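Please examine the sequence and the three-dimensional model shown here. The paragraphs that follow proceed from single residues to the interior and then to the chain as a whole.

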Amino acid sequence: MDDWTEVFVMNLNNNFKKKFGDNLSEEVNLSHYSWFNLGGNAQFFFKPKNKNQLIEFLAEAKNSNLKTTILGAGSNTLIRDNGVQGAVIKLGKNFSYTKLIDKNIIETGAATLDRKVANFAKDNNLANLEFLSCIPGSIGGAIIMNSGCYDSDISKILLSIKVIDQKKLIENEIKREDIKFLYRESNLMKDLIIVSAKFKGTISNKIEIEKKQFEFIKKKKISQPNQIKTCGSTFKNINENKKAWMLIKESGCQNFKEGDAMISQKHCNFFVNNGKAKSIDIENLINKVRKTVYAKTGVNLELEVKIIGE
Ligand SMILES: Cc1cc2nc3c(=O)[nH]c(=O)nc-3n(C[C@H](O)[C@H](O)[C@H](O)COP(=O)(O)OP(=O)(O)OC[C@H]3O[C@@H](n4cnc5c(N)ncnc54)[C@H](O)[C@@H]3O)c2cc1C
């Protein structure tokens with residue numbers, strides 16, 4: 001860091017600390033915030049206490065040209081070893097809530113875990129949200145990723161989202177029909193921070209809903225590894241008949257290793273930190289598999305996992 005940058009960062013730190021106190025920390029180890037359990041430090045780590053403070057912080061960041069990165073539950077994000085420059089924003093407990101706003105409509109904060117929303121829907125006799133019980137992330141991440149499983153996904157239950165626009169520094173509501181959802185992605189702009197969402201369920205019977213939830217969870221336990229350091233599916237499937245795991249297997253990559261990064265023997269699209277891996281090992285493994293699959297099948301696998309950092 002040259003002298004000028006050092007002075008700039010010092011002033012920035014003092015200014016930010018004064019304004020945001022305990023909600024802002026410096027040099028926070030991000031490995032605790034990714035399911036891979038990997039990653040370097042965030043230069044700044046901000047947990048807003050509410051929407052107003054979030055907007056105030058975004059205005060300061062904009063003025064200071066400070067880069068911002070939003071992180072959900074980190075179940076789909078590989079954080080690089082050299083950490084993330086600028087501010088990593090993680091919505092805290094005030095953005096984690098569920099409430100019934102009509103007999104079949106749930107409003108939830110973006111930091112709420114998916115399984116909590118699934119259980120809240122079940123407790124209120126609302127069907128079609130059962131799939132959320134087996135996705136380990138938060139609602140914000142699930143919407144950005146259009147997460148789903150077993151023929152359901154977010155796009156099928158969403159009514160609207162409330163977002164903070166980082167450019168305009170205002171809160172907006174966006175209706176489902178104005179969002180284009182694709183398989184594991186959406187056209188939502190990068191500078192939008194989702195703060196809450198409304199979902200529509202179908203009034204049903206709690207016992208039936210619970211049964212479906214259990215079935216999904218059981219199916220997942222049989223087909224996918226659990227209790228390991230992973231971010232789930234590494235690559236997107238091409239289609240139902242050409243899934244990423246099939247291509248990985250067909251190309252003979254399932255025993256590939258890089259350092260302590262390996263491929264799950266139970267599901268070869270799940271890449272795993274075996275305990276001592278670095279992020280670079282996971283990234284090298286990703287690149288090696290992608291190259292091999294391309295050479296053997298002509299398919300260029302697209303990443304589902306997001307990679308952030310330096
Ligand atoms: C064991 C395991 C099983 C999984 N199974 C499935 C599955 O069946 N189906 C499936 O679809 N996925 C699955 N996943 C992947 C992952 O759980 C989902 O993609 C999940 O929805 C990501 O949510 P998250 O909060 O962890 O997002 P993160 O990983 O934190 O972030 C993902 C993206 O969303 C953005 N983001 C997060 N919150 C916000 C917000 N509030 N506003 C704006 N942007 C935001 C981030 O910037 C990033 O680009 C699995 C993962 C694991 C570890």
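Glu 171 counts as partly exposed because its relative accessibility is 33%, a value that falls between the 20% limit for buried residues and the 50% limit for exposed ones. The model in which this value was computed is a predicted one. Glu 171 belongs to strand β12, which covers residues 170–175. When residues up to four places away in sequence are not counted, Glu 171 touches Lys 51, Lys 162, Val 163, Ile 164 and Val 195. Towards the end of the chain, by contrast, the separation is wide: 41 Å lie between the C-alpha atoms of Glu 171 and Val 299, which are 128 residues apart along the chain.

Among the partners of Glu 171 are Lys 162, Val 163 and Ile 164, and these lead to strand β11 (158–165), one of the elements that give two or more residues to the largest nonpolar core. How many residues does this core hold, and which of them touch the most other members? The core has 49 residues, and the members with the most such neighbours are Leu 54, Leu 132, Ile 143, Leu 158, Ile 161 and Phe 199. Besides β11, the elements that supply two or more residues are α1 (3–20), β2 (41–46), α2 (51–63), β5 (84–90), α3 (114–123), α4 (139–145) and β15 (192–200). The most is given by β15, with six residues. In general, nonpolar side chains of soluble globular proteins tend to be buried together.

Ile 161 shows what surrounds one such member of the core. Neighbours within four places in sequence aside, Ile 161 is in contact with Ile 143, Asn 172, Glu 173, Ile 174, Ile 179, Leu 188, Ile 194, Ser 196 and Ala 197. Apart from this core lies another, of 23 residues, which include Phe 36, Leu 78, Ala 277 and Leu 285.

Helix α3 may be followed in greater detail. Its buried residues are Asp 114, Val 117, Ala 118, Phe 120, Ala 121 and Lys 122. An α-helix has 3.6 residues a turn, so residues three or four places apart point the same way. The elements against which the buried residues of α3 pack are β6 (98–102), β7 (105–109), β8 (126–127), α4, β15 and α5.

Just after α3 comes Asn 125, with a positive phi of about 60°. This residue is found in the loop between α3 and β8, and its positive phi occurs in a residue other than glycine. Asn 125 counts as partly exposed because its relative accessibility is 31%. Tyr 150 likewise has a positive phi without being glycine, in this case near 45°. The loop that holds Tyr 150 runs between β9 (148–149) and β10 (152–153). With a relative accessibility of 25%, Tyr 150 is therefore classed as partly exposed.

Two further loop residues may be set side by side. Is Gln 224 buried or exposed? Gln 224 has a relative accessibility of 17% and therefore counts as buried, since the limit for that class is under 20%. Its position is in the loop between α5 (206–223) and β17 (229–233), and beyond its neighbours within four places in sequence it is in contact with Lys 266, His 267 and Phe 270. Asn 300, on the other hand, counts as exposed because its relative accessibility is 56%. Asn 300 lies in the loop between α7 (279–297) and β21 (306–308), where it touches Arg 290 and Tyr 294, residues up to four places away not being counted. Asn 300 and Ile 238 are 62 residues apart in sequence, with 9.6 Å between their C-alpha atoms.

These details may now be placed within the whole chain. The protein has seven helices and 21 strands. Its radius of gyration is 20 Å, which agrees with the value near 19 Å for a compact globule of 310 residues. Along the principal axes, the C-alpha atoms fill a box of roughly 55 × 50 × 30 Å. Of the contacts with a separation of 6 or more, 64% join residues 24 or more positions apart. Buried residues account for 49% of the 310 residues. The accessible surface comes to about 15800 Å², and carbon and sulfur atoms contribute 48% of that area. The protein carries 48 positive and 35 negative charges, whose mean positions are 4 Å apart.

Definitions and conventions:
Residues are numbered from 1 along each chain as its sequence is written. This is a predicted model: local features need pLDDT of at least 70, side-chain atom pairs count only at pLDDT 80 or more; totals for chains, interfaces and linings use all residues. Side-chain values use heavy atoms; hydrogens and water are left out. A nonpolar core is a set of buried Ala, Val, Leu, Ile, Met, Phe, Trp, Tyr and Cys residues joined through side-chain atoms within 4.5 Å. Buried means under 20% relative accessible area, exposed over 50%, partly exposed in between (1.4 Å probe, protein chains only). Helices (H or I, at least four residues) and strands (E, at least two) are DSSP runs, numbered from the N terminus. Contact means heavy atoms within 4.5 Å. The radius of gyration is taken over C-alpha atoms; the globule rule is 2.2 Å times the number of residues to the power 0.38. Accessible areas come from the Shrake-Rupley method with a 1.4 Å probe; for residues, only the protein chains shown count as cover. Lys and Arg count as positive and Asp and Glu as negative; His and the chain ends are not counted. The place of a charge is taken as NZ of Lys, CZ of Arg, CG of Asp or CD of Glu.
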